[in-house]
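Hi there,

I am passing a structure on to you, as you are new to it. Please open it first, and then read my notes below with the model beside you.

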Amino acid sequence: MGDLRLKQSKVIFDEVKAGMHPEARILCGNSGKKPLHISSLVLPQYAQVKTEPAVIAPGDEADLVITLLVDKIPPMMKPSFTFPIILEGVDAKPSDRTVTVIVNRN
């Protein structure tokens, strides 16, 4: 993903229930020469994305944290669904900076 190196590009949330706010963490690193501030401009209302720390210094590692807000998932959504998160803040084509999120609700 450009200067952003991710341990994985897919996240699975299993057995998700109402009232939960599960989060997934993906280890990432900055292989570039400039600090990275990662975000996503187009997110569904039931997802949040951030890095910890918020700015990834050159050569440093961070966690990409994806949080699912289960109560905000529209009721008409299927019990199992997939959505993409296109990361902003890195120079790469959208298909190279996409994390796929798979949700399985009970």
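V49 stands opposite I66, a residue of strand 7. Before you follow that pair further, please keep in mind that this is a predicted model. Strand 7 covers residues 61-68, and its pairing with strand 5 is antiparallel, over 6 bridges.

Which strands make up the sheet, and in what order? There are 4 strands in this open sheet, ordered 1-3-7-5, and they pair in the antiparallel sense. Strand 1 (4-6) and strand 5 (47-52) are at the edges; each has a single partner strand, so one side of each has no neighbour in the sheet. From one strand to the next, the twist averages 30°.

For a look inside the sheet, try L27, which sits in strand 3 (residues 23-30). L27 and L64 are 37 residues apart along the chain, and 6.3 Å separates their C-alpha atoms. Which residues does L27 touch, once its neighbours within four places in sequence are left aside? They are R5, L6, K7, E61, A62 and D63. With a relative accessible area of 36%, L27 is partly exposed, because that value falls between the 20% limit for buried and the 50% limit for exposed.

Next, please move along to R97, in the loop that links strand 8 (80-86) and strand 9 (98-105). Is R97 buried or exposed? It is buried, at a relative accessible area of 11%. Two backbone oxygens lie by its side chain: that of L87 is 2.7 Å from a polar atom of the R97 side chain, and that of A92 is also 2.7 Å from a polar atom of that side chain. L87 and A92 both appear among the contacts of R97 beyond four places in sequence, together with M1, I85, I86, E88 and V90. For a distance of another kind, take R97 and K72: they are 25 residues apart in sequence, and their C-alpha atoms are 25 Å apart in space.

T98 belongs to strand 9. T98 is buried too, with a relative accessible area of 18%; it gets that label because the value is under 20%. A polar atom of the T98 side chain lies 2.5 Å from the backbone oxygen of P94. If you set aside neighbours within four places in sequence, T98 is in contact with M1, S9, P84, I85 and I86. Of these, M1, I85 and I86 are also on the contact list of R97.

Two backbone details are left for you to find. Where is the cis peptide bond? It runs from E52 to P53, with omega near 0°. P53 is placed in the loop between strand 5 and strand 6 (55-56), and strand 5 is the edge strand described above.

The other detail is at E15, in strand 2 (residues 10-16). E15 is not a glycine, yet it has a positive phi of about 50°. E15 counts as exposed, with 54% relative accessibility.

If you would like a route through the model, I suggest starting at the V49 and I66 pair, going on to L27 in strand 3, then to the buried R97 and T98, and ending at the cis bond before P53 and the positive phi of E15.

Happy exploring, and do write back with any questions.

Best wishes

Technical notes: Residues are numbered from 1 along each chain as its sequence is written. This is a predicted model: local features need pLDDT of at least 70, side-chain atom pairs count only at pLDDT 80 or more; totals for chains, interfaces and linings use all residues. Side-chain values use heavy atoms; hydrogens and water are left out. Helices (H or I, at least four residues) and strands (E, at least two) are DSSP runs, numbered from the N terminus. Buried means under 20% relative accessible area, exposed over 50%, partly exposed in between (1.4 Å probe, protein chains only). Contact means heavy atoms within 4.5 Å. A polar contact is a pair of N or O atoms within 3.5 Å; within protein, one must be able to donate a hydrogen and the other to accept it, and residues adjacent in sequence count only if both atoms are side-chain atoms. Two strands pair if DSSP finds at least two bridges between them. Axes are lines fitted to C-alpha atoms, for helices over the stretch in contact, and angles run from 0 to 180 degrees between N-to-C directions.
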